[in-house]
Every structure is written in C-alpha cells, then in structure tokens.
Amino acid sequence: MEDPKVIIMLFIACFLAYLAIVKGFEPLLLLPIAFGMLITNLPGAEMYHEILFADGYVHWDLFGGHSGITPGLVDFLYLGVKLGIYPCLIFLGVGAMTDFGPLIANPKSLLLGAAAQLGIFLTFVGARYLGFTPAEASSIGIIGGADGPTAIFVTTKLAPHLLGPIAVAAYSYMALVPVIQPPIMKALTTKKERQIEMRELRPVSKMEKIVFPFVVTIFIALLVPSATPLVGTLMLGNLFRECGVVDRLSKTAQNGLINVVTIFLGISVGATATASTFLSTSTLKILVMGVTAFAIGTAGGVLLAKFMNLFLKNKINPLIGSAGVSAVPMAARVSQVVGQKENPGNFLLMHAMGPNVAGVIGSAIAAGVLLALFG
C-alpha cells in the first residue's frame, strides 16, 4: 500500500464498523457502508471504478469491458443508487412501517415538520458561503432533514462526488439524535413549557388512513413534481399497510425488500468513499455543516411550537417540535424522554409522531425543491 491515505481509509472503515457493532450507531446502514468503504479501498480489489460514473453520469459504453476496465460487483450495485432506485424502495418500506394516524389526527403538526426543515435551507446558505456550488450546498443541506435515503437520493443527482462523506454524516448524526437534540430543546424552552400536558389524540378512521396517501401523492405531484418518486413510493407503502387487502405486499415491503435494498444501498454508498474523494477539507466542512443542519432543524421545530402557542387555546408542548427532523421514530422518542423527565405524567410520544412523520414528507418535498432548482 503505497498511498498512506488508503491506510487511513481502512482505519476509518473499521472505526465506523466499530461504531455500528459496539455502539449501535444506525447499524443497519452504517455497517454495510463501513464494509463498502473497506472493500473499495483494498488495493487490487477492483470492485468499484469511479471512472464509470465520472462527471455525474453513467458511462454505459465502459461497462462492456472493451475499454480495459472490467466492471466489479459494486459497479453494478451502484447503478441502483445512481439511478435513484434504492432510495425510493427504502421509502416504500418506510411507508409500510409508518402510521400517519397522529399526523391526520393533528394536522397542525404538519407545520412543525415543515419548520424543522429550516436546517436544510439555512445550511444551504452556509455551505454556499464556504465555497460550495449550489448543487453541492443542496446535497449538504439535505443532511438536516435527518433522512438518509433522501440525502442519498439528492446527492447522487446533484453532487455524486460527495456521496461518501454526506452519507456517513447523515447516518452518524441520525444515530446521535439523542445526544444532539436534548441540550437544544432545553435551551429554547422553559421548565413550565416542557411540563405542558397535551390532550389525547382523536381516533382516526380507516377510511381517513386510506384516503391520505392518495391526497398527499396528488397534491405533492402537482406542487413539486420532482419530489414524486420519494413521496409516491412512501405513500404507496403506507397504502399497502392501511388498505388491509395486500398483507403479503405490506410485509414484504417492511421486511424482505427493505432489508435487501438496505444491504445493496449501504455497500454501494460506502464504496464511493475512496481515499481520493473522502480525505479532503470538504469532508470536514460537510461534517461540521451536517451537525449544524441538525441543530437548526431541531431549533426551528421547537421555536415554531412556541410561536403557535401564542395563538392556541390548547397549548402544544414545544418539545414535540424537535421531532420534525424526521429521524423516525428516534426523534419522537427523544421528545418523550425529555418531557417525562420534567413531568413523569407526560406522554408525548404519539403527539411527537405527528411532526416526526410530517418531517419525512417535508424532507422529501425539500429535496424536490432543491432538485427542481439545481438539478
């Protein structure tokens, strides 16, 4: 190994694997990413060739093996990332596992989910200030949505050369939500606000849950067409869950399909983190901007909840606003934990799930907006 950067990358890959296995940091994706990073940096492995995807395009003419390059396994797996297939299939599975009932029961939580996307757009501005192009800044900003597949979807289309560090940052910070969010939540709220108890949510009918995916898909497709692949597959998966007539499809989307795609996605994304692209000052900037995006998104949701309370008779506990960053269901659990520490009789989990699932939709819409502007 002539290049010392390769040794550093192998160390980083093993360290990420350690975080996934020993510390439990988003292991379902961080472990495949770490192993993909390992195999792509092993000298002579030849499993991934950056030249096949140079300049953001798939060079199909080079896949035939007539150019002196023999495509490796990861080259073929990466096509699913590059063509936007894997993130959409992940969203299909997420939709099948998600209950949108809390959002339907309390539509106001949609605003909290939207406010938490503030981190995306303010980080975009910050990244531009640091010298990134609009496309690169969009890919960095989307980390603030706390939604790994969305970050990957946007980055493969706008800044594929940054995919490795952005994916690592997105999933690492998602795992650190219980560490990042509580100090911000406490700093922006008073003890009295954290003790606010909320009314039990109204029951949501099966009909409402079935109609919801159709309404959201049609509305988003007309409003932000570029967000349709993500939102459409998310809603299709949810329709599988709620309609009650395709249990086999729902179970497949929730288990077998999403598990297979997660493996392919993780290995492929990790393989893009070659020594030449990952070890740069840009990676350090991305890591800093990523945590900034999370912090701003958390603050945005909390502050909007406080603002809404100025006009609401039935007050909202501002802690649920932080769940709008869409790390489902981890962010909602953080709201519950922080709330119960202040008031043991406080049960915020289902209330927090409203902005939490709204954040998933919100981050997909934000991704669509950025793709429409800079794609």
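In the predicted model, T156 is buried, with a relative accessibility of 1%. This residue belongs to helix α9, which spans residues 148-158. When neighbours within four places in sequence are set aside, the contacts of T156 are Y78, V81, K82 and L163.

Two of these contact residues, Y78 and V81, recur in the packing of helix α3 (residues 73-82) against helix α15 (residues 247-271). The axes of α3 and α15 are 9 Å apart and meet at an angle of about 105 degrees. Angles of 65 to 115 degrees count as roughly perpendicular, and the two helices are therefore assigned to that class. On the α3 side the contact involves V74, L77, Y78 and V81, and on the α15 side F264, L265, I267, S268, V269 and A271.

A second helix pair is formed by α13 (residues 206-223) and α14 (residues 228-243), whose axes come within 9 Å and cross at roughly 170 degrees. Because an angle over 145 degrees counts as roughly antiparallel, α13 is placed in that relation to α14. From α13, the residues in contact are K206, K209, I210, F212, P213, F214, V216, T217, I220 and A221; α14 contributes T228, V231, G232, M235, N238, L239, E242 and C243.

Side chains of opposite charge can pair when their charged atoms come close. In the present model, six salt bridges are counted. One of them joins K209 to D99, with 3.2 Å between the closest N and O atoms. This pair connects distant parts of the chain, since K209 lies in helix α13 and D99 in the loop between α4 (85-97) and α5 (101-105), a separation of 110 residues. K209 is also among the α13 residues that contact α14. The two partners fall into separate accessibility classes: K209 counts as buried at 19% relative accessibility, whereas D99 counts as partly exposed at 24%. The value for K209 is under the 20% limit for burial, so the residue is classed as buried.

Another salt bridge is found between E342 and K191, where the closest N and O atoms are 2.8 Å apart. Here too the pair links distant parts of the chain, with E342 in helix α18 (residues 330-342) and K191 in helix α12 (residues 191-194), 151 residues apart. E342 has a relative accessible area of 14% and is buried. Both residues also take part, together with R194, in a network of salt bridges.

A further salt bridge connects R202 and E208, the closest N and O atoms being separated by 2.9 Å. Both side chains are partly exposed: R202 has a relative accessibility of 38%, and E208 has a relative accessible area of 28%.

A352 is located in helix α19 (residues 349-374). Its relative accessible area is 0%, and the residue is accordingly buried. Residues up to four places away in sequence excluded, A352 touches I320, A323, A332 and S335. The C-alpha atoms of A352 and S109 lie 8.3 Å apart, although 243 residues separate the two in sequence.

At the surface, F11, F15, Y18, I21, V22 and L31 make up a nonpolar patch of about 620 Å². Helix α1 (residues 4-21) gives the most to this patch, supplying four residues. One of the patch residues, F11, lies in α1 and has a relative accessible area of 60%. Since this value is over 50%, F11 is classed as exposed.

Backbone geometry was also examined. Most residues other than glycine have a negative phi. Exceptions in this model include E26, with a positive phi of about 40 degrees, and E46, with a positive phi of about 55 degrees. Both are loop residues: E26 is placed between α1 and α2 (27-40), and E46 between α2 and α3.

Technical notes: Residues are numbered from 1 along each chain as its sequence is written. This is a predicted model: local features need pLDDT of at least 70, side-chain atom pairs count only at pLDDT 80 or more; totals for chains, interfaces and linings use all residues. Side-chain values use heavy atoms; hydrogens and water are left out. Patches are made of residues with over 30% relative accessible area and no salt bridge: like charges are joined within 9 Å, nonpolar side chains (Val, Leu, Ile, Met, Phe, Trp, Tyr) within 5 Å. Accessible areas come from the Shrake-Rupley method with a 1.4 Å probe; for residues, only the protein chains shown count as cover. A salt bridge is a side-chain nitrogen of Lys or Arg within 4 Å of a carboxyl oxygen of Asp or Glu. Buried means under 20% relative accessible area, exposed over 50%, partly exposed in between (1.4 Å probe, protein chains only). Axes are lines fitted to C-alpha atoms, for helices over the stretch in contact, and angles run from 0 to 180 degrees between N-to-C directions. Angles under 35 degrees count as roughly parallel, over 145 as roughly antiparallel, 65 to 115 as roughly perpendicular and the rest as oblique. Contact means heavy atoms within 4.5 Å.
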